Amino acid sequence: MADAAPRRIAFQGERGAYGDEATGAFFGDSVTRIPCPTFRAVFEAVAQGTVDGGVVPMESALAGPVAEVVDLLLEFTPPLSGELRLRVRHCLLAPPGRTLESLTRALSHPQALAQCGGWLRKHHLQPVPEANTAVAARRVAQEALEGTAAIASKTAADLYGLTVLAEGIADSPDNATRFLAVGPAVPPHLGSRWKTSLVITLDNGPGALAGVLTAFASHGVNVARLESRPGGVRAWDYRWCLDVDGAVDAAPVKAALSEARSACTSLRVLGSYALSD
């Protein structure tokens with residue numbers, strides 16, 4: 001009997017991007033990684049069944065939530081199958097033979113440039129925005145522009161034949177991104193901790209949100225994330241996105257959800273999933 005075909009997992013960007021790294025960290029090397037040009041393309045591929053799953057960034061420890069991804073989760077409501085926190089180590093990459101002293105500018109995604117802003121100023125390098133970190137690395141490798149380097153991952157350096165001139169150049173040592181696996185493909189080797197994501201709408205009145213939060217607090221359930229997003233129907237209406245610690249079928253979470261529903265106009269569980277160790 002022939003072996004089953006490798007699972008196909010979509011991510012936004014190109015090979016060597018941090019989404020590519022997260023896909024490998026989630027699923028290992030046995031899957032086929034499918035680069036997509038946009039986050040929407042990842043969700044569409046999952047919804048259409050042309051891939052078995054997708055990997056998307058939910059939140060940066062330094063820059064906060066990825067608003068576009070949050071909105072796409074609410075639009076497409078795919079199954080949520082796992083969470084991974086990937087440490088992001090920005091590196092300065094250049095063609096072989098270049099030195100740091102010979103450089104005048106660095107290409108990268110605007111967020112990466114901002115996260116390395118102090119380091120770039122210290123070394124008198126002009127930040128130049130690119131579509132993403134992997135595109136920056138590929139361009140520097142292919143065009144070998146004078147005085148130009150890229151800020152990207154060590155994986156991108158290996159992939160495009162670039163030299164790592166400096167490693168770990170972000171201004172904060174706590175640079176990490178929280179990724180979600182979406183779609184039916186469940187990553188292997190997830191841990192024992194669980195999280196449940198939900199979206200609620202409320203009447204616009206005093207204490208409405210407090211009533212929901214009290215329901216979770218009274219049952220000892222921690223609200224790990226809370227943010228508002230536009231309601232999408234009327235101006236100034238909002239949906240509230242919550243992540244709570246625990247699986248949806250755990251007794252404290254079940255009890256808290258039951259109580260919270262009475263304080264909401266609507267409550268929908270987006271998914272319950274394990275966290276990678």
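Which residues does Val-182 touch, not counting residues up to four places away in sequence? In this predicted model, Val-182 touches Val-46, Gly-53, Gly-54, Val-56 and Leu-73. Pro-78, Pro-79, Leu-80 and Ser-81 complete the list.

Val-182 is a good place to enter the largest nonpolar core. This core has 24 residues. Val-182 is among the members that touch the most other members, and so are Val-56, Val-69, Leu-73, Leu-80 and Leu-180. Several elements each supply at least two residues of the core: β2 (32-36), α2 (39-48), β3, α3, β11 and β15 (266-274). The largest share comes from α2, with 6 residues. The core also draws on two domains. Domain 1 (8-85 + 175-182) and domain 3 (194-270) each give at least three residues. In soluble globular proteins, nonpolar side chains tend to be buried together.

There is a second, separate core. It has 16 residues, including Leu-202, Ala-215, Phe-216 and Leu-257.

Now turn to empty space. Rolling a probe the size of a water molecule over the atoms shows where such space is left. The structure holds 1 cavity of 30 Å³ or more. The volume of the largest cavity is about 60 Å³. Met-58, Val-70, Leu-73, Leu-74 and Leu-80 are among the residues that line the largest cavity. Leu-180, Ser-197, Arg-225, Cys-241 and Leu-270 line it too. Leu-73, Leu-80 and Leu-180 have already appeared in the largest nonpolar core. Helix α3 (residues 67-76) gives the largest share of the cavity lining, 3 residues. By type, the lining has 8 nonpolar residues, 1 polar and 1 charged. Where does the largest cavity lie? It lies between domain 1 (8-85 + 175-182) and domain 3 (194-270), because both give residues to its lining.

The largest pocket involves another pair of domains. Its volume is about 470 Å³. The pocket is lined by 23 residues, and the closest to its centre are Gln-12, Tyr-18, Pro-57, His-109 and Gln-111. Four elements are listed as giving two or more residues to this lining: α1 (18-27), β3 (53-60), α4 (110-115) and β11 (176-182). The largest share, 4 residues, comes from β3. The pocket lining divides into 11 nonpolar residues, 12 polar and no charged. Domain 1 (8-85 + 175-182) and domain 2 (90-167) both contribute to the lining, so the pocket lies between them.

Two elements tie these places together. Strands β3 and β11 each supply at least two residues of the largest nonpolar core, and both also give two or more residues to the lining of the largest pocket.

Methods. Residues are numbered from 1 along each chain as its sequence is written. This is a predicted model: local features need pLDDT of at least 70, side-chain atom pairs count only at pLDDT 80 or more; totals for chains, interfaces and linings use all residues. Side-chain values use heavy atoms; hydrogens and water are left out. On a 1 Å grid over the protein atoms alone, a cavity is a set of points where a 1.4 Å probe fits but cannot get out, and a pocket is an open set with protein on both sides within 12 Å along at least five of seven lines; lining residues have an atom within 4 Å of a point. Grid points are joined across faces, edges and corners, and a volume is the space filled by probe spheres set on the points. Ala, Val, Leu, Ile, Met, Phe, Trp, Tyr, Cys and Pro count as nonpolar, Asp, Glu, Lys and Arg as charged, and the others, Gly among them, as polar. Domain bounds come from an automatic or database domain assignment. A nonpolar core is a set of buried Ala, Val, Leu, Ile, Met, Phe, Trp, Tyr and Cys residues joined through side-chain atoms within 4.5 Å. Buried means under 20% relative accessible area, exposed over 50%, partly exposed in between (1.4 Å probe, protein chains only). Contact means heavy atoms within 4.5 Å.
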